[in-house]
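User: I have a structure open and would like to work through it with short questions. Can we start with charged pairs and go on from there?

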Amino acid sequence: MIRSGGTSLALTALVLALAALLPLAGSPYWQSIGISIAMFAVLTTSWALFSGPTHYISLATAAFFGVGSYTTGMGIELLPYWCLPPIAGVLGAAMAALVGLATLRLSGVYFVIFTLGLAELVRQIIIWFQNFSGQKGLYVLTKITEAQIYWQLLGLAALVYLAGWAIGRSRLGFALRIIGDDEQVARHSGINTARAKVALFMISGAAAAVVGAILAPRYVYIEPATAFTPMLSFQVVIMALLGGTGRLWGPVVGVIPFTFLWEAISSSFPNQTTLLLGVCFLVIVYVLPRGFVGLIEAVRRRVAAREGVA
Amino acid sequence: MDILITGLFLGGAYALIAMGLNLQYGIARIMNLANGEMLVFGGFAAFWMYTAAQVSPLLTVFLVAPAAFAMNWVIYSVMLRPLVRRARSRGQLEVDAILATFGLSFVSVGIMLALFGGDYFNYSYLARPITLAGDTYALNRATAFVAAVLICAAVYLWLNLSRPGLSIRAIAVAPDSARLVGIDVPRLAALAFALGGAITATGGALLSMFFTLDASTGVIFTLKALVIVIMGGVGDVRGTIVAALALGILETFVAAVIDPGLTLAAAYLLFIVILLFRPQGLFGRRGA
């Protein structure tokens with residue numbers, strides 16, 4: 001990614017441009033799959049921006065996503081739609097900063113535990129506030145079509161890739177790689193480790209909140225139980241690790257097969273999705289510790305070695 | 001007063017659950033996120049034995065504990081020991097253990113859902129009122145508390161007075177040096193992990209006497225146990241007990257005075273305060 005910056009940028013732009021043609025095909029099924037893939041592509045790639053180099057496993061995606069959905073849900077009657085996703089992004093970044101400042105100075109376990117319950121925490125607080133106002137959920141009625149949501153997600157994906165590419169070449173990205181290798185060394189060479197981690201976690205949180213804001217019109221009715229579903233955080237972790245977090249394009253390699261698998265399982269065995277998540281976690285740990293990307297690279301290296309001999 | 005005693009009763013069950021997790025994390029160095037499922041398993045067993053054969057949960061405990069001990073021993077030897085072996089650093093083991101036990105947790109929830117469905121289960125055992133200091137309480141809560149106190153005391157004494165207990169505490173303090181003085185760390189780590197699972201399952205069986213559980217409640221208890229362990233200090237039994245009682249009282253207070261829907265928020269508030277001011281635990285020393 002770093003070595004061949006120009007070509008991979010062009011390649012990414014080409015793939016995104018091709019993907020943007022999908023709504024023209026006109027099939028509602030493919031449209032809906034396309035939205036899922038685009039949504040998870042953004043969520044996993046932004047997740048991996050933070051968790052890939054630092055090895056901190058964030059389970060906060062659902063919390064940021066829910067905050068984003070609620071931003072659209074509450075703001076849609078007061079403000080024009082186009083300014084809501086940016087507001088959601090700012091809120092997501094602010095929340096990530098608070099969580100990061102409290103937990104990222106400490107070891108990774110504290111962070112995992114804290115983010116694990118974060119979505120549930122925000123959900124309980126929202127339900128508590130709703131007890132005062134008496135409303136149960138929010139209606140988001142707009143004229144935004146599925147295709148428009150899809151294009152917005154693709155645009156966001158382009159932004160996230162660009163950000164990831166820029167971070168990879170910046171001092172911040174270099175600092176993060178050192179932190180991931182050895183935090184002690186990083187601190188001794190003068191890197192403000194807490195600040196670097198919080199900064200990246202904010203980017204990741206902002207992206208997830210914007211995705212939530214963009215997708216809110218699709219759900220029409222938002223309530224805490226659906227906006228903050230903890231399943232989302234786990235899906236994102238699995239897809240990103242399945243693909244591999246070592247490369248910017250790694251997570252997408254996990255997103256595409258997993259989205260189809262998930263669709264298939266949840267339509268024919270809706271009660272077995274938890275089991276599927278569990279099995280995927282075990283597969284990642286025991287069979288594919290470096291994801292599909294690691295597998296591909298191992299195969300490629302073996303082929304190269306064989307050609308070298310011959 | 002009412003809140004204090006109800007909170008204390010709840011905290012007793014929490015102490016057992018968190019002590020189980022603390023043995024697993026503090027000694028075996030496995031952050032076991034499937035801990036809550038072991039609790040639900042204990043609760044399920046108690047429920048099933050009571051509704052099917054009218055066996056008192058207090059007797060079922062003697063079945064649940066050995067079964068959970070064996071189960072956790074197998075889980076540790078088959079699933080987790082390879083991870084311990086391949087890990088090059090403490091951090092990598094933590095990440096691997098978290099992902100593997102998450103997998104285990106989801107698989108067990110999935111299996112329980114498939115076998116028993118997603119219904120809530122509870123049963124009515126010793127649901128009689130008793131009077132203490134002028135207020136009335138449910139007898140089943142009081143009984144569970146007494147049982148929890150007995151078990152906590154037994155584990156505490158065992159850790160502090162017996163030779164294996166001494167070795168286990170040595171591993172908690174200095175895992176590398178423990179090996180140098182001839183302690184069989186891998187064997188005792190497995191023992192601590194299995195024992196932790198057994199204690200948690202026992203806590204689940206006791207909790208089910210007065211608490212409604214379902215197949216997917218495990219994760220909530222895992223979270224609470226984690227908060228307690230961190231608050232009490234990793235590997236510190238005394239701290240765990242104090243922290244569990246504090247959480248039980250705080251939750252009961254929040255549920256009674258503010259809103260019953262905010263119990264996890266209360267636990268989190270406590271968690272944040274601990275993280276900001278005493279990340280080493282209540283009785284821990286800085287830099288230890």
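User: Which residue forms a salt bridge with Arg218(A)?

Analyst: This is a predicted model, so every value here is computed from it. Side chains of opposite charge can pair when their charged atoms come close. For Arg218(A), the closest N and O atoms of the pair are 3.1 Å apart, and the partner is Glu146(A).

User: How many residues apart are Arg218(A) and Glu146(A)?

Analyst: The pair links distant parts of the chain. Arg218(A) sits in helix α10 (residues 193-219) of chain A, and Glu146(A) sits in helix α7 (residues 146-169) of chain A. They are 72 residues apart.

User: Is Arg218(A) buried or partly exposed?

Analyst: Buried means under 20% relative accessible area, and exposed means over 50%. Arg218(A) has a relative accessible area of 25%. Its partner Glu146(A) has 31% and is partly exposed. Because its value is 25%, Arg218(A) is partly exposed.

User: Are Glu251(B) and Lys224(B) buried or exposed?

Analyst: Their side chains meet in a salt bridge, at 3.3 Å from N to O. Glu251(B) is in helix α10 (residues 237-257) of chain B, while Lys224(B) is in helix α9 of chain B, 27 residues apart. As for Glu251(B) and Lys224(B), each of them is buried.

User: Which residue forms a salt bridge with Asp184(B)?

Analyst: Asp184(B) has 40% relative accessibility, so it counts as partly exposed. The closest N and O atoms of its salt bridge are 3.8 Å apart. The partner is Arg187(B).

User: How many salt bridges does the whole structure have over all chains?

Analyst: Some salt bridges are linked in a network, as with Glu183(A), Arg187(A) and Lys197(A). Across the interface of chain B and chain A, the rule finds zero. Over all chains, the search finds nine.

User: How much area do chain B and chain A bury between them?

Analyst: The contact involves 39 residues of chain B and 37 residues of chain A. Of the buried area, 79% is on carbon and sulfur atoms. The area is about 3200 Å².

User: Which three residues supply 20% of the area that chain B buries against chain A?

Analyst: No other three residues of chain B supply more of this area. The three are Leu99(B), Phe106(B) and Tyr268(B).

User: Which helix gives the most to the side of chain B that touches chain A?

Analyst: α3 (57-86), α4 (90-116), α9 (218-232) and α11 (263-277) of chain B each supply at least two residues. On this side of chain B, 31 residues are nonpolar, four are polar and four are charged. The interface also has seven residue pairs in polar contact. With 16 residues, the helix that gives the most is α4(B).

User: Which residues of chain A does Gly110(B) touch, not counting residues up to four places away in sequence?

Analyst: Gly110(B) has its place in helix α4 of chain B. It counts as buried because its relative accessibility is 0%. Gly110(B) touches Gln272(A), Thr274(A) and Leu275(A).

User: How many residues does the largest nonpolar core have?

Analyst: Those with the most contacts inside this core are Met39(A), Leu153(A), Phe201(A), Val211(A) and Phe102(B). Helix α3 (residues 28-54) of chain A gives the most to it, with 13 residues. Apart from it lies another core of five residues, including Ile5(B) and Tyr137(B). The largest core has 193 residues.

User: Which residues is Phe201(A) in contact with, leaving aside its neighbours within four places in sequence?

Analyst: Phe201(A) is among the residues with the most contacts inside the largest nonpolar core. Its contacts include Ser58(A), Gly100(A) and Leu104(A). The others are Phe50(A), Ala60(A), Phe64(A), Ala96(A), Val99(A) and Phe111(A).

User: Is Gln54(B) buried or exposed?

Analyst: Most residues other than glycine have a negative phi. Gln54(B) has a positive phi of about 60 degrees, and its place is in the loop between α2 and α3 of chain B. Because its relative accessible area is 56%, Gln54(B) is exposed.

User: Is Arg29(B) buried or exposed?

Analyst: The phi of Arg29(B) is positive too, near 60 degrees. Arg29(B) lies in the loop between α1 (2-26) and α2 (35-53) of chain B. Its relative accessibility is 15%, so Arg29(B) counts as buried.

How values were computed:
Residues are numbered from 1 along each chain as its sequence is written. Chains are lettered from A and ligands numbered from 1 in the order in which they are written. This is a predicted model: local features need pLDDT of at least 70, side-chain atom pairs count only at pLDDT 80 or more; totals for chains, interfaces and linings use all residues. Side-chain values use heavy atoms; hydrogens and water are left out. Contact means heavy atoms within 4.5 Å. Buried area is the accessible area (1.4 Å probe) that two parts lose on being put together, summed over both. A salt bridge is a side-chain nitrogen of Lys or Arg within 4 Å of a carboxyl oxygen of Asp or Glu. A polar contact is a pair of N or O atoms within 3.5 Å; within protein, one must be able to donate a hydrogen and the other to accept it, and residues adjacent in sequence count only if both atoms are side-chain atoms. Helices (H or I, at least four residues) and strands (E, at least two) are DSSP runs, numbered from the N terminus. Ala, Val, Leu, Ile, Met, Phe, Trp, Tyr, Cys and Pro count as nonpolar, Asp, Glu, Lys and Arg as charged, and the others, Gly among them, as polar. A nonpolar core is a set of buried Ala, Val, Leu, Ile, Met, Phe, Trp, Tyr and Cys residues joined through side-chain atoms within 4.5 Å. Buried means under 20% relative accessible area, exposed over 50%, partly exposed in between (1.4 Å probe, protein chains only).
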